[in-house]
Amino acid sequence: MTDLDPREYYDEFAEGEWERLDRDPVTRMEFENTVDYLDRYLPDAGRVLDAGGGAGRYACWLAERGYDVTLVDLSSEQVAIAREKADERGLVDRVTAERGDVRDLDFDDDGFDAVCCLGGPLSHVVDDVERATATAELRRVARDGAPVFVSVIGRLAMLRDVVKFDLERSSGLLAPIAEDGDYTAERVERHADGEGWAECHGFRADEFEAELTAAGLAVERLVGLETVASRMKRELADADPDAVADVRAVVELLREDRAAVDWSEHILAVARA
Ligand SMILES: C[S@@+](CC[C@H](N)C(=O)[O-])C[C@H]1O[C@@H](n2cnc3c(N)ncnc32)[C@H](O)[C@@H]1O
C-alpha cells in the first residue's frame, strides 16, 4: 500500500515548507490574505497557539509582533526547522516549538488568547471523527471569545488540480473526491498508480463552516485565500508585475464571495471560541 502519511511527507519536505509561502505570487497571496485577517482580529497581545505550524512562518510573524507563540506540529523535522528559524531571527524567547498532534493537544482548557491552524493541518486529518476531535481541541484550548483562525484545502480546487495536471493517470480519483473530499492512500493506490501527495480532505465551504460550528466555534468570516488565482502558479510566476497586481486586487475583491471561497485553493475561517 502507498504510504501517504502526512508526518513522513512533511519530515521529508523539510525546508520546502518554510519556502512554501514565498515561492510564487499565488502562495504569497495565501500568506498576505491570511495575515491581513490575523492583523484585524488578533488581540493586542497574548499567548497564541500555532497548531500544525510547520516550519514556523506564521509563528515567526506573530512573535515579531510581540505575541508569545507556542507551535506544535506532527513532524519533528518541521519543529526543528521552526526552532532554527526563530533562533535566526532572535525570537527564541517568544517561540516555543514542540512535537504535537492537533487531535490531542497537550494544553489546558482556555489557555490561549488566539489559536491558529493554518495552511491545511485540519485537511490532513482525513477521518471525519478524528477531524471533529481536532476541531474541538482547537476550541477547547482557546479562551472564551478568542479568535480562532483555521485554513484548509478547498475540494473544488483539488479536483481542478487533477483535471489540469494529472488527468491521464488520475481521472478515477475525480468522482470519489467530488463525493466526499477524501484523498486517501487507498484511492491513490487504486486510481493513480500509487503515486501521490500526503493524504488529505478537501473541503466545501458549507461543510467547513458546519464542522467548525459543530465544534462550538462561531464563524465570523470565510475567506478564499487565492480565489481566481487558485492553481495559477505557473501562469503568474512569469507574469508582468502590474498584471499580477491586477490579479491580486481581484482576489482581494472576491475573497469573501461565497462562490469564489468555495473554488479557492485554501479557505480561511475566522471564528470565535
Ligand atoms: C502545509 S503545512 C502548513 C504549515 C504552516 N501552518 C504554514 O501554513 O506554513 C501542514 C502542516 O500540518 C502538519 N500536520 C498534519 N497533520 C497534523 C496533526 N494531526 N497535528 C499537527 N500537525 C499536523 C504537517 O506536519 C505540516 O507541517
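1. A polar side-chain atom of Asp101 lies 3.0 Å from a nitrogen atom of the ligand, and this value, like the others in this note, is to be read in the light of the fact that the model is predicted. Taken alone, the ligand exposes 600 Å², of which the protein buries 98%.

2. Two further polar pairs involve oxygen atoms of the ligand. In one of them, an N or O atom in the side chain of Asp73 is 2.6 Å from a ligand oxygen; in the other, an N or O atom in the side chain of Arg20 is 3.0 Å from an oxygen atom of the ligand.

3. As for the surroundings as a whole, the ligand has 21 residues around it, and Arg20 and Asp73 are listed among the closest, together with Gly52, Val102 and Leu118. By residue class, the shell around the ligand divides into 8 nonpolar, 8 polar and 5 charged residues.

4. Turning to the cysteines, the count of disulfides comes to 0, where a pair would need its sulfur atoms within 2.5 Å. Why does Cys60 not form a bond with Cys116? The sulfur of Cys116 is the closest cysteine sulfur to that of Cys60, but because the distance is 13 Å, it is too far for a bond. For Cys116, the closest cysteine sulfur is in Cys117, and at 8.8 Å this one is likewise too far for a bond.

5. Is Cys60 buried or exposed? With a relative accessibility of 2%, Cys60 counts as buried, and Cys116, at 0% relative accessibility, also counts as buried.

How values were computed: Residues numbered from 1 in each chain as written. Predicted model: local features only at pLDDT ≥ 70, side-chain atom pairs only at ≥ 80, totals over all residues. Heavy atoms only, no water. Near = heavy atom within 4 Å. Polar contact = N/O pair within 3.5 Å; in protein donor to acceptor, adjacent residues only side chain to side chain. Areas by Shrake-Rupley, 256 points an atom, 1.4 Å probe, with all protein chains shown as cover. Nonpolar A, V, L, I, M, F, W, Y, C, P; charged D, E, K, R; others polar. Buried < 20%, exposed > 50% of the residue type's maximum accessible area, 1.4 Å probe, protein only.
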